[in-house]
Amino acid sequence: MKMSTEAENRDCTLNDLPGVGAATMEKLVDSGYDTVMSIAVASPGQLVDATGVGESAARKMIKFARDALEMGFEDGESLLKKRELVQKVSTGSVAFDTLMGGGFETGAITECFGEFGSGKTQVGHILAVNMIKQNPDATVVYIDTENTFRPERIVQLAEGIQLDPEETLRKIRVARAYNSDHQVLLTESVEELINKKGFDVRLVIVDSLTAHFRAEFVGRGTLAERQQKLNKHMHALLKLAGNYNICVYVTNQVSSDPAAFFGDPTKPIGGHIVAHASTFRLYLRKGKKGSRVAKLIDAPNLADGECNFMVESGGFKDL
Ligand code: GTP
Ligand code: MG
């Protein structure tokens, strides 16, 4: 289901941007600014960082992109229509769903960060089966970077909500990503799955979003390069979410080694790049008596808050 926007239908390409030569173009694309829309929504500072052009040149590019897309006001009714297409994927826990305003939204990226064992991968598994329960024709894409997808866990969870386990497994397409380049490539190939192969992809999970990036780019000198690549990756995920009304769920570890990743050790990897691209951000931690605590941070229309739930063999349960 393609949700085309008016802006996308206009025939303006990056090549039409004023004063942009081949070298700048390459830097733009490498940093994830590969559509006129991505330029239109960027800030001058971001384009300066990405390309090294001066601030006034950056402002001109943004103004041109905004004019080209006739960005401005969209009437409330068409916005409401778009919102009506948004689906909410249940976690099985009433408290958790309530925290998320009814469930994990399609058309958006939800980032979940937390320490090892906090339950980020479990959330991915639970969303996969619940999405299929809610949309029997849906396909779930699971990009697995740490080899932690467990089909036998899907079987348990499917049985927990009266789904046929084998059938459920057939609707989940798992791809193991061997490095960050491979991960980016796999994300890009989701569009092919939809457009060429006709799959109704409703949920894309990237577990873990940042592990490869963290392992491959070590040390301060490589930070800019890592952030650029991550930015591009996040843009691709945003595009998937926005254009196809997909629920995108990404997991992110917190930096446990403050020396290697300067700054607050309880902060998620990827910093503001991941934070800005994510619509919903969740912090997961272990709670009392084996429970889990999910804390919602920076959600657009929801109050920040916390909830408790239990991870059980048949699914997530309220306390
Ligand atoms: P990292 O990927 O290492 O950062 O951790 P994570 O946040 O992805 O943790 P994960 O989702 O793998 O959580 C693992 C925890 O979930 C286990 O320690 C168990 O407490 C719980 N868990 C996993 N499977 C089951 C199950 O079948 N039954 C129950 N009761 N708990 C489970
Ligand atoms: Mg995990």
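Mentor: Before we start, helices and strands here are DSSP runs, numbered from the N terminus. Also keep in mind that this is a predicted model.

Trainee: Got it. Where does Asp16 sit relative to α1?

Mentor: Asp16 lies in the segment before α1, the helix that covers 22-30.

Trainee: And is Asp16 buried or exposed, or something in between?

Mentor: Asp16 is partly exposed, because its relative accessible area is 38%, and the cut-offs are under 20% for buried and over 50% for exposed.

Trainee: What does the side chain of Asp16 reach?

Mentor: It reaches the backbone nitrogen of Thr13, at 2.9 Å.

Trainee: How far apart are Asp16 and Glu306 in space?

Mentor: They are 47 Å apart, C-alpha to C-alpha, with their positions 290 residues apart in sequence.

Trainee: Let's switch to the sheet. What's the strand order?

Mentor: The order is β5-β4-β6-β7-β3-β8-β9-β10-β11, nine strands in an open sheet with mixed pairing. The edge strands are β5 (172-176) and β11 (315-317), each pairing on one side only. On average, neighbouring strands are turned by 25 degrees against each other, direction ignored.

Trainee: Which helix packs on the sheet and touches β3?

Mentor: That's α7, which also touches β4, β5, β6, β7, β8, β10 and β11. The direction of α7 makes about 170 degrees with that of β7.

Trainee: Tell me about β8. How many of its residues are buried?

Mentor: Five of the seven residues in β8 (residues 280-286) are buried, so the strand is mostly covered.

Trainee: How does β8 run against β3 and β9? Parallel or antiparallel?

Mentor: One of each. β3 (residues 108-114) and β8 run parallel, joined by five bridges, while β8 and β9 (residues 291-297) pair in the antiparallel sense over six bridges.

Trainee: Which residues face each other there?

Mentor: On the β3 side, Glu111 stands opposite Arg281 of β8. On the β9 side, Leu282 has Leu296 as its bridge partner, and Leu284 has Ala294.

Trainee: What about the hairpin of β8 and β9? Which residue takes a positive phi?

Mentor: Lys289 does, with phi near 50 degrees; the hairpin has four residues between the strands.

Trainee: Back to Leu282. What is it in contact with, apart from close sequence neighbours?

Mentor: Its contacts include Phe96, Leu99, Met100, Phe104, Cys112 and Phe113, as well as Ala294 and Leu296. Leu282 is also among the residues with the most contacts inside the largest nonpolar core, alongside Phe96 and Phe104. That core has 37 residues, and helix α7 (residues 120-134) gives the most to it, with seven.

Trainee: Which residues are in the second core?

Mentor: The second one is separate and has 27 residues, including Leu193, Ile194, Val201 and Leu240.

Trainee: How do the rings of Phe96 and Phe104 pair?

Mentor: They are edge-to-face, because their planes are at 75 degrees, and their centres are 5.7 Å apart. Both residues are buried. Ring pairs link them with Tyr249, Phe309 and Phe316 into a cluster, and the structure holds eight aromatic pairs.

Trainee: Last one: where is Ser38, and is it buried or exposed?

Mentor: Ser38 is in helix α2 (residues 36-40). It is buried, since its relative accessible area is 5%. Setting aside neighbours within four places in sequence, Ser38 is in contact with Gly32, Tyr33 and His235.

Conventions
Residues are numbered from 1 along each chain as its sequence is written. Chains are lettered from A and ligands numbered from 1 in the order in which they are written. This is a predicted model: local features need pLDDT of at least 70, side-chain atom pairs count only at pLDDT 80 or more; totals for chains, interfaces and linings use all residues. Side-chain values use heavy atoms; hydrogens and water are left out. Helices (H or I, at least four residues) and strands (E, at least two) are DSSP runs, numbered from the N terminus. Buried means under 20% relative accessible area, exposed over 50%, partly exposed in between (1.4 Å probe, protein chains only). A polar contact is a pair of N or O atoms within 3.5 Å; within protein, one must be able to donate a hydrogen and the other to accept it, and residues adjacent in sequence count only if both atoms are side-chain atoms. Rings of Phe, Tyr and Trp (its six-membered ring) pair if their centres lie within 6.5 Å; planes under 30 degrees apart count as stacked, over 60 as edge-to-face and the rest as tilted. A nonpolar core is a set of buried Ala, Val, Leu, Ile, Met, Phe, Trp, Tyr and Cys residues joined through side-chain atoms within 4.5 Å. Contact means heavy atoms within 4.5 Å. Two strands pair if DSSP finds at least two bridges between them. Axes are lines fitted to C-alpha atoms, for helices over the stretch in contact, and angles run from 0 to 180 degrees between N-to-C directions.
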